[in-house]
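Welcome to a short set of worked exercises. Have the sequence and the model open side by side, try each task yourself, and then follow the solution step by step.

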Amino acid sequence: MTNAQRHSPRPRRFSKPAASQSGLAKDAPVLFFKSFLERPKEVGSIIPSSRFLERRVARNAGLDQARVVVELGPGTGGTTEALLRALRPDAKLLAIEINPRLAARVRARIADPRLVVHCGSAEDLAGAVAAHGLAAPDAVISGIPFSTMPRPVALAILRAIRDGLAPTGRFVAYQVRDRVAVLAREVFGRPSRVELEVRNVPPMRVYRFDAGGLPVSASRSPRLR
């Protein structure tokens with residue numbers, strides 16, 4: 001053995017790092033895409049929401065003043081994190097996810113005491129709110145695709161939202177198509193505001209409906225602002 005071999009340092013061994021929240025966040029787009037392929041009718045888009053869309057949704061929902069917020073269809077939790085950033089320190093966010101694997105991912109990814117993840121259907125919004133001892137929500141936010149739902153299911157979800165909102169509450173839906181606005185006329189009436197976020201893939205319409213709206217029947221879609 002030469003002197004160089006005798007005194008050369010041994011290669012260091014590193015243990016494999018444990019899974020972390022940052023790792024979960026990196027894996028989220030893959031799980032999101034897999035969930036879209038497995039259940040396309042339950043996932044609104046193949047690509048998670050952009051920060052521009054998230055800010056627009058938070059603004060329309062009035063999250064800076066809300067105490068209880070419900071998110072329908074959090075997916076892998078990207079939008080959930082954005083909502084939590086916009087919420088008050090004393091607020092609560094109830095995320096209702098029908099896909100057990102996605103619900104588990106959100107629980108593992110986000111460690112925030114304001115967040116409650118509920119695995120179940122949006123049709124049972126009242127049951128989910130009651131199960132966790134929360135007050136009527138000031139805002140309900142939904143990215144679930146109303147355009148792919150059977151009409152009875154979509155209307156049942158909209159009625160559950162209307163019946164569950166606080167008297168001054170808001171329902172905000174971000175959607176690729178305008179199906180939610182057409183259906184919601186029978187439940188909420190016309191949206192109080194409609195915006196288009198083009199800095200998202202795909203571009204998204206953001207609809208805001210206020211509690212206490214009167215149902216109407218009309219044939220034309222609402223104008224974008």
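**Exercise 1. The strand pair β4 and β5**

How many bridges join strand β4 to β5, and do the two run parallel or antiparallel?

*Solution.* Please keep in mind throughout that this is a predicted model.

Step 1. Find β4 at residues 139-142 and β5 at residues 170-175. The two strands run parallel and are joined by 4 bridges.

Step 2. Pick out a facing pair: A139 stands opposite R170 in β5.

Step 3. Trace the connection. From β4 the chain passes through helix α7, residues 151-164, before it reaches β5, and this β-α-β crossover is right-handed.

Step 4. Now look at the neighbour β7, residues 204-210, which runs antiparallel to β5 and is joined to it by 6 bridges. Here Y174 has V206 as its bridge partner in β7.

Step 5. Check how covered β5 is: 5 of its 6 residues are buried.

**Exercise 2. The surroundings of β1**

Work out with which strands β1 pairs in the parallel sense, and whether its faces are covered or open.

*Solution.* Step 1. Pair β1 with β2: they are parallel, over 5 bridges. Within this pairing, E71 has A95 as its bridge partner in β2.

Step 2. Follow the chain from β1 to β2. The route goes through helix α4 (residues 78-86), giving a right-handed β-α-β crossover.

Step 3. Pair β1 with β4: again the sense is parallel, this time over 4 bridges. V69 finds its bridge partner in A139 of β4. A139 is the residue that stands opposite R170 in β5.

Step 4. Inspect the two faces. V68, V70 and L72 are buried on one side, and V69 and E71 are buried on the other. With 5 of its 5 residues buried, β1 is therefore largely enclosed by the rest of the structure.

**Exercise 3. Two nonpolar cores**

Identify which element gives the most residues to the largest nonpolar core.

*Solution.* Step 1. The largest nonpolar core holds 33 residues, and those with the most contacts inside it include L72, L158 and F171.

Step 2. List the contributors. Among the elements that each supply at least two residues are β1, β2, α6, β5, α8 and β7. The answer, though, is α7, with 6 residues.

Step 3. Zoom in on L158. Setting aside neighbours within four places in sequence, its contacts are F146, F171, V180, L183, A184, V187 and F188.

Step 4. Separate from this is a second core of 24 residues, which includes L93, I141, V172 and Y174.

**Exercise 4. One side of a helix**

Explain how the buried residues of α5 are arranged around its axis.

*Solution.* Step 1. In α5, residues 100-109, the buried residues are L102, A103, R105, V106 and R109.

Step 2. These residues lie on the same side of α5, because they cover an arc of only 160° around the axis.

Step 3. Recall a general point about spacing: an α-helix has 3.6 residues a turn, so residues three or four places apart point the same way.

Step 4. Finish at the N-terminal end of α5, which N99 caps: one of its side-chain oxygens lies 2.9 Å from the backbone nitrogen of R101.

**Exercise 5. Classifying R208, S50 and V182**

Decide for R208, S50 and V182 whether each is buried or partly exposed.

*Solution.* Step 1. The cut-off for buried is under 20% relative accessible area.

Step 2. R208 lies in strand β7. At 17% relative accessible area, R208 is buried. Its side chain makes a polar contact of 3.5 Å with that of D210. Beyond neighbours within four places in sequence, the contacts of R208 include N60, R170, F171 and V172.

Step 3. S50 sits in the loop between α2 and α3. With 16% relative accessibility, S50 is buried as well. Not counting residues up to four places away in sequence, S50 touches R199 and N200.

Step 4. V182, in helix α8, has a relative accessible area of 32% and is partly exposed.

**Exercise 6. An unusual peptide bond**

Find out whether the peptide bond from V201 to P202 is cis or trans.

*Solution.* Step 1. Locate P202 in the loop between β6 and β7.

Step 2. Read off omega, which is near -5°: the bond from V201 to P202 is cis.

Step 3. For context, most peptide bonds are trans.

Key. Residues numbered from 1 in each chain as written. Predicted model: local features only at pLDDT ≥ 70, side-chain atom pairs only at ≥ 80, totals over all residues. Heavy atoms only, no water. Buried < 20%, exposed > 50% of the residue type's maximum accessible area, 1.4 Å probe, protein only. Pairing = 2+ DSSP bridges. Right-handed = clockwise from strand over helix to strand, strands pointing away. Core = buried A, V, L, I, M, F, W, Y, C linked by side-chain atoms within 4.5 Å. Contact = heavy atoms within 4.5 Å. Arc of directions from axis to C-beta. Polar contact = N/O pair within 3.5 Å; in protein donor to acceptor, adjacent residues only side chain to side chain.
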